[in-house]
Amino acid sequence: MLLRQNRGREVFLLKRDPAKFHIYTFGCQMNQADSDIMTTLLRNEGYLPASSEDDAGIILLNTCAVRENAVERIEHRLQHLKGLKRKDPGLLVGLSGCVPQYRREKLFDDFPVIDFLAGPDAYRSLPSLIAEAASGCRRVSSLEFDISETYVGVAPSRNDSLSAFVPVMRGCNNMCAFCVVPFTRGRERSHPFGSIINEVREISERGIREITLLGQNVNSYRDPETGMDFPQLLDAVSREVPELRIRFTTSHPKDMSRSLAETIASRTNICNHIHLPVQSGSTRMLGRMNRGHTIEEYRAKIDMIRAMIPGISFSTDIIAGFCGESEDDHRKTLELMRDIRFDSAFMFYYSVRPGTLAASTMQDDVSEEVKKRRLQEIIDIQSALSADLHHEAVGTVVEVLAETESRRSSGQLMGRTETNRVVVFDRGSSSPGDLLMVKITGSTSATLTGESLPNY
Ligand code: SAH
Ligand code: SF4
Ligand code: F3S
């Protein structure tokens with residue numbers, strides 16, 4: 001099929017449909033939510049999702065820049081796309097999300113396979129970027145921040161899963177020394193309360209059973225019209241859709257308030273689980289990281305919340321080998337993990353991000369070998385803790401959202417607890433989508449097993 005004139009040359013698309021797009025999503029839940037928004041914006045202009053990369057005329061990578069290996073993964077995918085484009089020069093390749101916002105037009109020099117770039121605040125211009133690239137314009141990009149952009153009025157094209165992400169804010173005003181996010185996502189802004197409530201209502205009507213309210217730092221949510229804060233928003237959402245299970249992420253420890261814990265305690269449909277990234281167990285390192293709290297304050301908040309909500313679980317993020325980290329600082333992280341007993345943790349070794357405070361003012365002075373050894377020690381402790389917590393769960397009764405039939409037997413369902421642990425259980429009369437109580441009867445390192453309690 002002759003597709004388009006490109007700088008005077010005829011370009012052919014083999015089997016690919018120029019009106020079909022395929023999005024690969026990298027990075028955090030916010031990026032996943034953004035891919036659903038981009039899908040809607042493209043559909044509104046007549047483009048259609050392709051069934052796979054093979055029949056797409058447009059391939060979009062929605063990218064993450066948070067660590068060097070995240071960027072390497074994208075570079076690797078671009079090499080693959082270069083091969084596809086060699087066979088099929090009419091294929092359009094775009095990059096959206098955090099990498100183009102960060103590396104900007106230089107990406108065109110480094111990866112000539114790229115046709116267009118769109119930053120996180122520029123997705124409304126995607127259709128016009130694609131149209132320009134298709135008409136033969138080179139190096140088209142839209143990378144301006146727009147503090148007013150929250151994509152209000154764009155209903156995300158969600159897949160048919162039982163869970164949905166609901167962004168409540170975009171951007172970040174914190175300046176953690178290691179972190180690139182404020183540079184890739186821009187200043188913080190909150191979505192209007194009314195649009196969030198409309199979105200959760202619509203989600204509930206579609207039969208979705210669980211939502212996660214999303215933001216880089218949800219505790220600094222403020223409704224632009226009324227000034228309503230995050231605990232008030234969470235309370236209102238949980239009352240609006242009492243039949244849905246509600247999660248939220250991420251809470252910054254410095255802003256984690258008693259009133260948020262009170263809201264969780266007072267509403268049964270809000271999960272008793274908080275993701276509270278600590279990054280390090282050493283106050284000295286937290287200071288260097290510009291996290292705005294000491295480790296004693298972190299511990300005191302956990303104690304306060306545990307006293308208010310018995311049985312609540314915590315997960316966290318930890319960075320090994322940040323600039324200037326000594327063996328003693330590292331030992332404090334291990335100690336903290338043993339004391340708090342996190343349910344789970346995302347664990348990384350430090351990776352310099354150009355442009356951040358740490359990159360410009362600190363030495364990346366922990367060797368890669370030491371970073372990796374410390375990370376392994378952190379991972380080993382967390383694995384042991386998670387196994388112990390699994391073992392201790394045997395005999396308890398937990399709330400589970402049933403998701404799918406188990407792969408092994410149709411007499412069993414797979415679901416997740418409030419703390420996101422996987423449970424496989426005898427289904428009794430229950431079906432996927434049911435929220436039910438399950439008695440835990442056994443555990444392995446990855447899975448809990450149990451039986452549903454129909455009349456609980
Ligand atoms: N807004 C969230 C974090 C977003 S980034 C928060 O404040 O917790 C997710 C995690 O990536 C961070 O919590 C941190 O643990 C990790 N991370 C961020 N930058 C990093 C870097 N330069 N090197 C290694 N890990 C990093
Ligand atoms: Fe990054 Fe800190 Fe903002 Fe989280 S709160 S996104 S770690 S700057
Ligand atoms: Fe990555 Fe951007 Fe999310 S850097 S973690 S995709 S905000």
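How many nonpolar, polar and charged residues are there in the shell around ligand 3? Keep that question in mind as you open the structure, which is a predicted model.

**Stop 1: ligand 3**

Select ligand 3 and show what surrounds it: Cys-28, Asn-31, Thr-63, Cys-64, Ala-65, Val-66, Cys-98, Arg-185 and Gln-216. Try colouring this shell by class. You should get five nonpolar residues, three polar ones and one charged one.

**Stop 2: helix H5**

Now jump to residues 126-134, which make up helix H5. Show the side chains of Leu-126, Pro-127, Leu-129, Ile-130, Ala-133 and Ala-134, since these are buried. Next, turn the view until you look straight down the axis of H5. The buried residues fall within an arc of 160 degrees, so they line one face of the helix. Before you leave, click on Gly-136, which follows H5. Its phi is positive, near 105 degrees.

**Stop 3: the second largest pocket**

Last stop! Select Gly-311, Ser-313, Val-398, Thr-419 and Arg-421 to find the second largest pocket: of the 22 residues lining it, these are the closest to its centre. The space inside comes to about 530 Å³.

Which elements give two or more residues to this lining? Highlight helix H14 (368-393) and strand S17 (397-405), and you have them. Then colour by domain: domain 2 (163-389) and domain 3 (394-452) each supply at least three lining residues. Finally, switch to colouring by class, where the lining of this pocket splits into nine nonpolar, six polar and seven charged residues.

Technical notes: Residues numbered from 1 in each chain as written. Chains lettered and ligands numbered in written order. Predicted model: local features only at pLDDT ≥ 70, side-chain atom pairs only at ≥ 80, totals over all residues. Heavy atoms only, no water. 1 Å grid on protein atoms, 1.4 Å probe; cavity = no way out; pocket = protein on both sides within 12 Å on 5 of 7 lines; lining within 4 Å. Points joined across faces, edges and corners; volume = space filled by probe spheres on them. Helix = DSSP H or I, 4+ residues; strand = E, 2+ residues; numbered from the N terminus. Nonpolar A, V, L, I, M, F, W, Y, C, P; charged D, E, K, R; others polar. Domains from an automatic or database assignment. Near = heavy atom within 4 Å. Buried < 20%, exposed > 50% of the residue type's maximum accessible area, 1.4 Å probe, protein only. Arc of directions from axis to C-beta.
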